[in-house]
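Load the structure and keep the sequence beside it. The walk below goes element by element.

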Amino acid sequence: MKSLKIVTYPDNFLRQPTKPVENINGELQDFIERMAVTMYGASGAGLAAIQVGYDKSIIIYDAFPTDPEKQCLEVLINPKIIAAEGSRVSEQEGCLSVPDFRADVKRSVAVLAEGMDRKGKPVRIETDDFLMAVVLQHEIDHLNGILFIDRISALKRELYKRRVKKHLRKK
Ligand code: NI
């Protein structure tokens with residue numbers, strides 16, 4: 001199965017709020033498989049459908065994407081964060097849509113999220129595992145058109161924007 005192309009900053013496609021999934025069918029399962037191939041192929045811990053060109057509310061994630069022994073794909077459809085608490089710095093956060101850049105981001109420590117699994121069954125995920133809490137916040141942000149660089153200091157964001165502009169001019 002082939003990987004999907006990852007949409008990268010500053011593409012405006014990433015900025016739109018996604019639409020809820022209404023039909024959970026075979027086509028959607030195939031798409032989720034392709035998302036997984038894409039995420040694992042890029043050694044990412046999470047991926048939102050909008051990052052691969054599909055404007056629906058789907059996220060996938062895995063706490064151990066590069067460890068074949070521990071790998072476990074999680075899929076959440078139409079997810080929402082219902083509650084969040086605490087505050088801690090997520091160190092050197094990155095994103096497949098923001099290549100070659102990492103920065104510290106302030107995130108909640110524990111979250112409660114709700115959505116559906118890939119079969120359409122309602123699920124509730126409550127976690128105080130910081131890594132998982134960060135992945136959920138990061139991926140659900142994508143569904144609202146938010147990138148982690150929106151949550152860093154204005155100065156750091158400007159530095160990154162300038163770097164991207166320079167790089168695009170060289171192309
Ligand atoms: Ni991301």
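Helix α1 covers residues 26-41 of this predicted model. Its 16 residues, at 1.5 Å a residue, should span 22 Å. The C-alpha atoms at its ends are 22 Å apart, so the expected and modelled spans agree. Colour the helix by accessibility next. L28, F31, I32, M35, A36, T38 and M39 are buried. Looking down the axis of α1, these buried residues fall within an arc of 165°, so they line one face of the helix. The face turned away from that buried side carries E27 and G41, both exposed.

What lies over the buried residues of α1? The cover includes three strands: β1 (46-48), β2 (58-61) and β3 (74-85).

Take M39 as a sample of that buried face. M39 belongs to helix α1. Its relative accessible area is 0%, so M39 counts as buried. Leaving aside residues up to four places away in sequence, M39 touches G44, A45, G46, L47, I60, Y61, D62 and L73. I6 is 33 residues from M39 in sequence, and the two C-alpha atoms are 9.5 Å apart in space.

Now step off the end of the helix. Just after α1, S43 takes a positive phi of about 55°. Most residues other than glycine have a negative phi, and most peptide bonds are trans. Other places in the model depart from those habits too. N78, in strand β3, has a positive phi near 50° and is not a glycine. D100 is not a glycine either, yet its phi is positive, at about 55°. D100 lies in strand β5, residues 98-107. With 72% relative accessibility, D100 counts as exposed. The peptide bond between Y9 and P10 is cis, with omega of about 5°. P10 sits in the segment before α1.

Turn to the metal site. Which residues coordinate the nickel ion? The donors are C95 through SG, H138 through NE2 and H142 through NE2, at 2.1 to 2.2 Å. Their spacing in sequence is C-x42-H-x3-H. Why are H138 and H142 about one helical turn apart? Both are in helix α2 (residues 130-143), and they are four residues apart, so about one helical turn separates them. Are these two histidines buried or exposed? H138 has a relative accessible area of 6%, so it is buried. H142, at 0%, counts as buried as well.

H138 also leads to another residue, E93, since the two are in contact. E93 is placed in strand β4, residues 88-95. Its relative accessible area is 6%, so E93 is buried. Apart from residues up to four places away in sequence, E93 touches F101, R102, A103, V105, R107, V134, H138 and F148. Consider F148 from that list. E93 and F148 are 55 residues apart along the chain, but their C-alpha atoms are separated by 7.7 Å.

F148 brings in the aromatic rings. A pair of aromatic rings is described by the distance of the centres and the angle of the planes. How many aromatic pairs does a search of the whole structure find? The search finds four. Ring pairs link Y9, F101, F148 and Y160 into a cluster. Y9 is also the residue joined to P10 by the cis peptide bond. F101 and F148 both touch E93. A ring meets a charge elsewhere: the charged end of K70 sits over the ring of F64, 4.7 Å from its centre.

Y160, from the cluster, leads to helix α3, where it is one of the buried residues. Helix α3 runs over residues 154-170. Its 17 residues, at 1.5 Å a residue, should span 24 Å, and the end C-alpha atoms are 24 Å apart, which agrees. The buried residues of α3 are R157, Y160 and V164. Down the axis of α3 they fall within an arc of 65°, so they line one face of the helix. On the other side, L155, R162, K165, K166, R169 and K170 are exposed. The cover over the buried residues of α3 includes β5. That strand also holds D100, with its positive phi.

Conventions: Residues are numbered from 1 along each chain as its sequence is written. This is a predicted model: local features need pLDDT of at least 70, side-chain atom pairs count only at pLDDT 80 or more; totals for chains, interfaces and linings use all residues. Side-chain values use heavy atoms; hydrogens and water are left out. Donors are N, O and S atoms within 2.8 Å of the metal (3.2 Å for Na, K and Ca); water is not among the atoms, so sites may look incomplete. Helices (H or I, at least four residues) and strands (E, at least two) are DSSP runs, numbered from the N terminus. Buried means under 20% relative accessible area, exposed over 50%, partly exposed in between (1.4 Å probe, protein chains only). The expected span of a helix is 1.5 Å times one less than its number of residues. The arc is that of the directions from the helix axis to the C-beta atoms. Contact means heavy atoms within 4.5 Å. Rings of Phe, Tyr and Trp (its six-membered ring) pair if their centres lie within 6.5 Å; planes under 30 degrees apart count as stacked, over 60 as edge-to-face and the rest as tilted. A charge sits over a ring if NZ of Lys or CZ of Arg is within 6 Å of the ring centre and within 35 degrees of the ring normal.
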